[in-house]
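Me: I have a structure to read and do not know where to begin. Please take me through the features in turn.

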Amino acid sequence: MTLVEANKDYEAIPHGAHTIHTWIDEKAKEKNGVKPRAFGAIYKGKVLIIGQKEGSIAQALDVMDKAKPNLTASTQFAALGANTTGAFVLGAARKLDLPGNDPGAQVLKQSRMFWLNVREAQGRAAAREVEEI
C-alpha cells in the first residue's frame, strides 16, 4: 500500500471492517479539466479490487462479505455463478453498445447477454464465452 499512499491526494475511506483507498489517477484522461480519482481495496489480504467509483468498491466488498446478495440471486445473471470451479475471471454483460462498424462486433451488438469464464484446467488457461441472442 506504500505506493498507493504516495499518490497525489491519497485518501483512506473506512468501509465497515475494510479501507477503500483513493487517489488521483495521473495517467487517466482529464474529464472537464480534472483528473479522475481511482479507488481500490484489498479483501482479506488476497483479492485486489480496483474501480472508478467508491460505490462500486463498497458494493463489491459488501458482496464478498455476504452482506449483500451476489449476481447468482439475479434472474439475468444467475448462471454466472454456476460451474466456476477454478475460475479466475468471470464476466457478464448485457445490452452491449459497441461503437463502430466492425463486422466482428455485430454478433455482440445483437446479443442480449455475453458471458466469459476463464479457468485453470490441467495446468492451462481455458476460456469459455457464451452469447444469448
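The dialogue below goes from the overall layout to single residues.

Me: What kind of model is this?

Reply: This is a predicted model.

Me: How many helices and strands does the chain have, and what pattern do they follow along the sequence?

Reply: There are 3 helices and 7 strands in the chain. Along the sequence, they come in the pattern α-β-β-β-β-α-β-α-β-β.

Me: How much of the chain is buried, and how large is its accessible surface?

Reply: Of the 133 residues in the chain, 23% are buried. The accessible surface of the chain is about 9,700 Å², and 53% of this belongs to carbon and sulfur atoms. As for contacts between residues at least 6 apart in sequence, 24% join residues at least 24 apart.

Me: How should I read a sheet, and in what order do the strands stand here?

Reply: Strands of a sheet pair through backbone hydrogen bonds, and the pairing is either parallel or antiparallel. In this chain, 4 strands make an open sheet with the order 1-2-3-4, and their pairing is antiparallel. Strand 1 (11-15) and strand 4 (47-51) are at the edges with a single partner strand each, so one side of each has no neighbour in the sheet. On average, neighbouring strands of this sheet are turned by 25 degrees against each other, direction ignored.

Me: How many bridges join strand 1 to strand 2?

Reply: Strand 1 and strand 2 (residues 18-24) are joined by 5 bridges and run antiparallel. One pair to look up is Glu11 with its bridge partner Thr22 in strand 2.

Me: What joins strand 3 to strand 4?

Reply: Strand 3 (residues 37-43) is joined to strand 4 by 5 bridges, and the two run antiparallel. Gly40 has Ile50 in strand 4 as its bridge partner. Strand 3 and strand 4 form a hairpin, with 3 residues between them.

Me: Which residue in that turn has a positive phi?

Reply: Lys44, with a positive phi of about 50 degrees, although Lys44 is not a glycine. Lys44 is exposed, with a relative accessible area of 63%. Lys66 is another residue other than glycine with a positive phi, near 65 degrees. Lys66 comes just after helix 2, in the loop between helix 2 and strand 5 (87-94). At 73% relative accessibility, Lys66 is exposed.

Me: Which residues of helix 2 are buried, and what do the buried residues pack against?

Reply: In helix 2 (residues 54-64), the buried residues are Ile57, Ala58, Leu61 and Asp62. Their arc around the axis is only 135 degrees, which puts them on the same side of helix 2. The buried residues of helix 2 pack against strand 1, strand 2, strand 3 and strand 4.

Me: Side chains in a strand have two faces to choose from. Where is His18, and is His18 buried or exposed?

Reply: In a regular strand the side chains alternate between the two faces of the sheet. His18 is in strand 2. With a relative accessible area of 14%, His18 is buried, because the cut-off for buried is under 20%. Apart from neighbours within four places in sequence, His18 is in contact with Ile13, Tyr43, Leu61 and Asp65.

Me: How many salt bridges are there, and which residues form them?

Reply: A salt bridge here needs a side-chain nitrogen of Lys or Arg within 4 Å of a carboxyl oxygen of Asp or Glu. By this rule there are 2. In one, the side chains of Arg37 and Glu11 meet, at 3.7 Å from N to O. Arg37 is in strand 3 and Glu11 in strand 1, so the pair ties together parts 26 residues apart in sequence. Arg37 is partly exposed at 25% relative accessibility, and Glu11 is partly exposed at 41%.

Lys68 forms a salt bridge with Asp62, and their closest N and O atoms are 3.9 Å apart. Lys68 is partly exposed, with a relative accessible area of 43%, whereas Asp62 is buried at 15%.

Me: Where does Ser111 lie, and is Ser111 buried or exposed?

Reply: Ser111 lies in the loop between helix 3 (103-110) and strand 6 (113-121). Ser111 has a relative accessible area of 6% and is buried. Ala93 is 18 residues from Ser111 along the chain, and the C-alpha atoms of the two are separated by 9.6 Å.

Definitions and conventions
Residues numbered from 1 in each chain as written. Predicted model: local features only at pLDDT ≥ 70, side-chain atom pairs only at ≥ 80, totals over all residues. Heavy atoms only, no water. Pairing = 2+ DSSP bridges. Axes fitted to C-alpha atoms, helices over the stretch in contact; angles between N-to-C directions. Buried < 20%, exposed > 50% of the residue type's maximum accessible area, 1.4 Å probe, protein only. Contact = heavy atoms within 4.5 Å. Areas by Shrake-Rupley, 256 points an atom, 1.4 Å probe, with all protein chains shown as cover. Arc of directions from axis to C-beta.
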